[in-house]
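Reader: I'm new to this one. Could you show me the structure and then let me ask how you know things?

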Amino acid sequence: MPDGSRPTKPLRSAHSYGKMDRDGFIHRSWMKIEGLPDDVFDGRPVIGICNTWSQLTPCNIHLRDIAEHVARGVWEAGGLPLEFPAMSLGETQMRPTAMLFRNLLAMEVEESIRGNPIDGVVLLGGCDKTTPGQLMGAASVDLPTIVVSSGPMLNGKFKGRDIGSGTDVWRFSEDVRAGQMPMSDFLAAESGMSRSPGTCMTMGTASTVACLTEAMGLSLAYNGTIPAVDSRRRTMAHHTGRRIVSMVREDVCLSSIATRAAFENAIKVHAAIGGSTNAILHLLALAGRLGVPLSLDDFDLLARDVPLLVDLQPSGRFLMEDFHYAGGLPALMAAMAPILDLTAPTASGRPLGEIIAGKEIYNDAVIRSVADPAKPESGLWVLRGNLAPLGAIVKPSAGTPELLHHRGRAVVFESIEDFKARIDDPDLSVDKDSILVLKGCGPKGYPGMPEVGNMPLPAKLLEQGVRDMVRLSDARMSGTAFGTVILHIAPEASAGGPLAIVQNGDEILFDGANRRLELLIDESEMARRLAAWETQPKPVLATRGYARLYIEHVLQADQGCDLDFLVGSSGSVVTRESH
């Protein structure tokens, strides 16, 4: 190892590799199968590289290459890099929804880190649920931890213009259903949308989480925006490999960076970038693992006066490539400096203020000023009322301003199957002022809380030129989606929340400015309906395996949808030997 590089604190890995007895023999000897020389076990920090690479997760398809660059940095800094796999959650591929398996990934990552002789970990992820799941698992062990995200794919191209993954899919699909886009164009756009490895290049959940990871100091600068195929992401990976070795020597654990200040910075940045609604679930779950006090209301209160500063789809016009070339997250955060905690520590070893000091905006059409924002309303509104006693959320920057205060008649769908069967029925009793209500799509009810909350509009209304309606459900929606969509209603219908007893024709009031969501029936009628619901037979959604475990233990959306027995930490100490 380089001179002066030995850690002052005994290495966790020394319990396995540092003993001159039978157990030490076993641990070292079997690792030497990999061709490792004797001296790598002589006090080098052992760095786990937790990789969610998979051909079933196209967003992460290049992470095998990224891992090599991390390993170079680890070797160079005097560490021993050891790559290990973790379950990969392909957002566009997994059924019934990748969110069902986020907590399973977190369990796997937690036990892989705790059970193996590693001193620090680099998390390689990108697709929507991989980074949150990895961070949740790592937080419950609390070793030195740093993230390298996949990075966004290149801008999509169609007929000479940029198109955005997800966001334009929803638009094109509605245009096809309205008879305004031929199928030939729809398929041509499909071929031009995803042109490189990487995550959605809109501000979907993957890009949101990558940016928030950077904002919290859990990665090096520009992690959130460097395009996946840009050589600078590999350079950043190399630097990350170097840095994790230093973090181990300095004993910089995840919990020392992911403090309350870091979460507050992330929530404010989330508003400024027009981040995905899904991020609220992931941050709440991560805070629960770390014991950081964080509530649903914090997302509204902390970001209430933060406007939309990044003009990026789905809330604006541009894409992630444009955001990076305009200066990336450091430039945005420099513009936001007066409202951020600049003393917050980061994985780089420097406080946030030093990281963003002097960073410039190179394109003020993409990264706007506080004086001239892309939109005055951003962040997430947390709604409460008799229809959402534990809360619901809406993303105002993605909605239609005229619909942010709306009273309408409910058109109710009892399940996603019911919705798909009837939404295009020409006899469906619905008009542009109706409110579409979808039940049975919460954490327990689906199970897994799918991204179906941005319900496609009725075909007959699309043909009339209607492009947005108030929609509400206990589901989620893709971070790439848009519309006046009320999500995450808690308690969910399948847990006996008031959503379960909404009937066709009921009037609903959505008052965004006052954060209200009310079912306009009297209390006695609500009590009668809820009592009747309790007596109805309930469907059995899972009888075995992880899905059954999930349904029995998943928390509601206002608590981040973690499993109740995973909240908190078990730490990194394992005292018993394997032989």
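Author: Sure, starting with surface: accessible areas come from the Shrake-Rupley method with a 1.4 Å probe, and for residues only the protein chains shown count as cover. The protein exposes about 22000 Å², with carbon and sulfur atoms supplying 53% of it. This is a predicted model, where local features need pLDDT of at least 70, side-chain atom pairs count only at pLDDT 80 or more, and totals for chains, interfaces and linings use all residues. Residues are numbered from 1 along each chain as its sequence is written, and side-chain values use heavy atoms, leaving out hydrogens and water.

Reader: How do you know whether the radius of gyration agrees with a compact globule?

Author: The rule, taken over C-alpha atoms, is 2.2 Å times the number of residues to the power 0.38. For 579 residues that puts a compact globule near 25 Å, and the protein has 24 Å, so the two agree. Its C-alpha trace spans about 75 × 55 × 45 Å along the principal axes.

Reader: Why is glutamine 556 called buried?

Author: Buried means under 20% relative accessible area (exposed is over 50%, partly exposed in between, with a 1.4 Å probe and protein chains only). Glutamine 556 has 11%, so it counts as buried. Buried residues make up 61% of the 579 in the protein.

Reader: What makes a residue a contact of glutamine 556?

Author: Heavy atoms within 4.5 Å. Leaving aside neighbours within four places in sequence, glutamine 556 touches residues including Pro443, Lys444, Ala490 and Cys561.
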